[in-house]
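Q: I should like to learn how to read the features of a protein model. May we work through one together, beginning with how helices pack?

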Amino acid sequence: MSDTHPDPEQDPEHGPDIDRLLEIATSFMASKVLLLAARLGLFTELAEGPLSGAELRARLRLHPRSSRDYFDTLVALGVLERTDGRYANAPAAARYLVRGEPAYLGGLLEMSDARMYDLWGRLDAGLRTGDPQNGITAGEEGIYAGLYDDSDRLDAFQQAMTGLSLRSAHALAEAFDWAPHRTVADIGCADGTVLTYLLQRHPHLRGTGFDLAAVGPGFQHRLETSGLTNRLSFRAGDFFAEPLPGADVLVLGHILSNWALPRAKTLLRKAYEALPEGGVLIIYETLIDDERRENVAGLLMSLTMLLETPGGFEYTGADCRGWLAEAGFRASQVRHLAGPESMVIASK
């Protein structure tokens, strides 16, 4: 009797399937190579010009055994270039991975290497227990307690959030009609990256950043370098304990997904109360597609919320629109922003 299941290695039609499975299975290796390079400051070392392998190895204090393989892996991944034995940043790395540059998103990579990489190694425990795997024991009240009490960790977190929001900040400035509005408040503003881009792009706007007091120094630093001191301000507060600031437009970026659904709905009700008639709420996240089949980044982010928070999760645009209707908003729509990010726009 003939075998009805031929060896896939002998069947060319199955080659792409095997390649895809292996790519998924081993992608953590390439991820670690890039994340470590960001944490080592490799791209920053190359910012002033190309270096030989020996020079770069010495700058990073690496052993000679496999440093060449490491650098050439970064070449093969497309983030470094090599000419006549000298390494240089590829254009994307030069723009986004050099510390101190305005578009730097390496803070997100650095946090991923220092924190998220090991945290994801405990996914099995998270899935079995439903509990966060980062040591939080105080429930939702304790999500930010340790983080905001440690200035170094807070600074790293703010840099990571800047990297996460960078593309959406640029897209938000163009994808929404800001002309009819005069004021905007970013709820959970971190260091003010989003507001800075919005106000620089739209000179008629005035903005307020609202976040816990510990965030204030980071916000102030960005404010002082932005040239927006007469149009942008910071207000310290707890958005669960206090009313939200009033503005024509309220922005919730990567906020609702941090909390279990009852608290997320509380924020939506408070946003409705803070807005004037005709006001607008903009929510942006790594939204999961409504069919939950395509946005891998959104689904992976939801698993990250499992590992990091007691009740947070990512959600679909349809989910969000239903919650907004419950809160009293009369109309809402979903629009793509950039990459895996989308926004929900709701009107009061």
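A: Certainly; please keep in mind that this is a predicted model. Two packed helices are described by the angle between their axes and by the distance between those axes. In this structure, α1 and helix α4 (residues 67-76) pack at an angle of about 110 degrees, and their axes are 10 Å apart.

Q: How are α1 and α4 oriented to each other, roughly parallel or roughly perpendicular?

A: Angles from 65 to 115 degrees count as roughly perpendicular, and α1 and α4 are therefore roughly perpendicular to each other. On the α1 side, the contact is made by Val 33, Leu 34, Leu 36, Ala 37 and Leu 40. On the α4 side, Tyr 70, Thr 73 and Leu 74 take part. By class, the contact of α1 with α4 has 7 nonpolar residues, 1 polar residue and no charged residues.

Q: How should I think about the spacing of residues along a helix?

A: An α-helix has 3.6 residues a turn, so residues three or four places apart point the same way.

Q: Which residues does Leu 34 contact, leaving aside its neighbours within four places in sequence?

A: Leu 34 lies in helix α1. Apart from those neighbours, Leu 34 is in contact with Phe 43, Leu 74, Val 79, Leu 97 and Leu 109. Leu 34 and Val 79 are 45 residues apart in sequence, and their C-alpha atoms are 8.4 Å apart in space.

Q: Is Leu 34 buried or partly exposed?

A: Buried means under 20% relative accessible area, and exposed means over 50%. Leu 34 has a relative accessible area of 25%, so this residue is partly exposed.

Q: How many residues of helix α10 are buried?

A: In helix α10 (residues 193-201), 7 of the 9 residues are buried, so this helix is largely enclosed by the rest of the structure. The buried residues of α10 are Thr 193, Val 194, Leu 195, Thr 196, Tyr 197, Leu 198 and Leu 199.

Q: How is empty space found, and how many cavities of 30 Å³ or more does the search find?

A: Rolling a probe the size of a water molecule over the atoms shows where empty space is left. A search of the whole structure finds 1 cavity of 30 Å³ or more. About 30 Å³ of space lies in the largest cavity.

Q: Which residues line the largest cavity?

A: The lining includes Ala 37, Ala 38, Gly 41, Leu 42, Phe 43 and Thr 44. Leu 97, Arg 99, Tyr 104 and Glu 110 also belong to the lining. By class, the lining has 6 nonpolar, 2 polar and 2 charged residues. Both α1 (15-40) and α2 (42-45) supply at least two residues of the lining, and the largest share, 3 residues, comes from α2.

Key:
Residues numbered from 1 in each chain as written. Predicted model: local features only at pLDDT ≥ 70, side-chain atom pairs only at ≥ 80, totals over all residues. Heavy atoms only, no water. 1 Å grid on protein atoms, 1.4 Å probe; cavity = no way out; pocket = protein on both sides within 12 Å on 5 of 7 lines; lining within 4 Å. Points joined across faces, edges and corners; volume = space filled by probe spheres on them. Helix = DSSP H or I, 4+ residues; strand = E, 2+ residues; numbered from the N terminus. Nonpolar A, V, L, I, M, F, W, Y, C, P; charged D, E, K, R; others polar. Buried < 20%, exposed > 50% of the residue type's maximum accessible area, 1.4 Å probe, protein only. Axes fitted to C-alpha atoms, helices over the stretch in contact; angles between N-to-C directions. Parallel < 35°, antiparallel > 145°, perpendicular 65-115°, else oblique. Contact = heavy atoms within 4.5 Å.
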